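Work through the exercises below with the sequence and the structure side by side. Each task is followed by a solution that goes step by step.

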Amino acid sequence: SHPEFGRGILIFKYGLALTSRTLLKTNLSWTRALGGHAAEVNEVLIEDDYCKEQQLVYHFVSYTKVLFVPRSAIINMLKKNPAAWKESARWRYFRAALILFSLKGDELEVV
């Protein structure tokens, strides 16, 4: 997350980065070619407290050009446009919540 603006979406123009996410006591890392890639598109919708432990961290290994869109700007836009939430964002929220839940290793309760 950005030190001043918090979490958000990173839209990569070009560059490389290592990504890591702490899973239990194992740290997974890999290299990505990021040109044209938008990162954190789904997870940015999840509340800060829920994804704090599983947050994806980018470590830039070369010159990388990105556009940062703060979470607050995205949430404000969704409040002004309920159709965007209904048609797309709620499903992205669900997908991110399901992925983060599965990373915690908990069992799903069938209702």
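**Exercise 1.** Leaving aside neighbours within four places in sequence, find which residues are in contact with Thr64, and decide whether Thr64 is buried or exposed.

*Solution.* Contact is taken here as heavy atoms within 4.5 Å, and with the neighbours within four places set aside, Thr64 is in contact with Phe12, Tyr14, Gly15 and Leu16. Next, locate the residue: Thr64 is placed in the loop between strand 5 and strand 6, where strands are DSSP runs of E with at least two residues, numbered from the N terminus. Thr64 counts as buried because its relative accessibility is 16%; buried means under 20% relative accessible area, exposed over 50%, and partly exposed in between, with a 1.4 Å probe and protein chains only. Finally, look at the side chain, where a polar atom of Thr64 lies 3.0 Å from the backbone oxygen of Ser62.

The model is predicted, so local features need pLDDT of at least 70 and side-chain atom pairs count only at pLDDT 80 or more, while totals for chains, interfaces and linings use all residues. Residues are numbered from 1 along each chain as its sequence is written, and side-chain values use heavy atoms, with hydrogens and water left out.

**Exercise 2.** Count the aromatic pairs, and describe the one formed by Phe12 and Phe60.

*Solution.* Begin with the rule: rings of Phe, Tyr and Trp (its six-membered ring) pair if their centres lie within 6.5 Å, and planes under 30 degrees apart count as stacked, over 60 as edge-to-face and the rest as tilted. By this rule there are three aromatic pairs. One of them joins Phe12 and Phe60, a tilted pair with 6.1 Å from centre to centre and 45 degrees between the planes. This pair links distant parts of the chain, since Phe12 is in strand 1 (residues 8–14) and Phe60 in strand 5 (residues 57–60), 48 residues apart. As for accessibility, Phe12 counts as buried at 1%, whereas Phe60 is partly exposed at 44%.

**Exercise 3.** Describe the pair of Tyr14 and Tyr63, and state which parts the pair ties together.

*Solution.* Tyr14 and Tyr63 form a tilted aromatic pair, with 6.0 Å from centre to centre and 40 degrees between the planes. Tyr14 lies in strand 1 and Tyr63 in the loop between strand 5 and strand 6 (65–70), so the pair ties together parts that are 49 residues apart in sequence. Tyr14 is partly exposed at 41% relative accessibility, and Tyr63 is exposed, with a relative accessible area of 61%.

Methods
Helix = DSSP H or I, 4+ residues; strand = E, 2+ residues; numbered from the N terminus. Polar contact = N/O pair within 3.5 Å; in protein donor to acceptor, adjacent residues only side chain to side chain.
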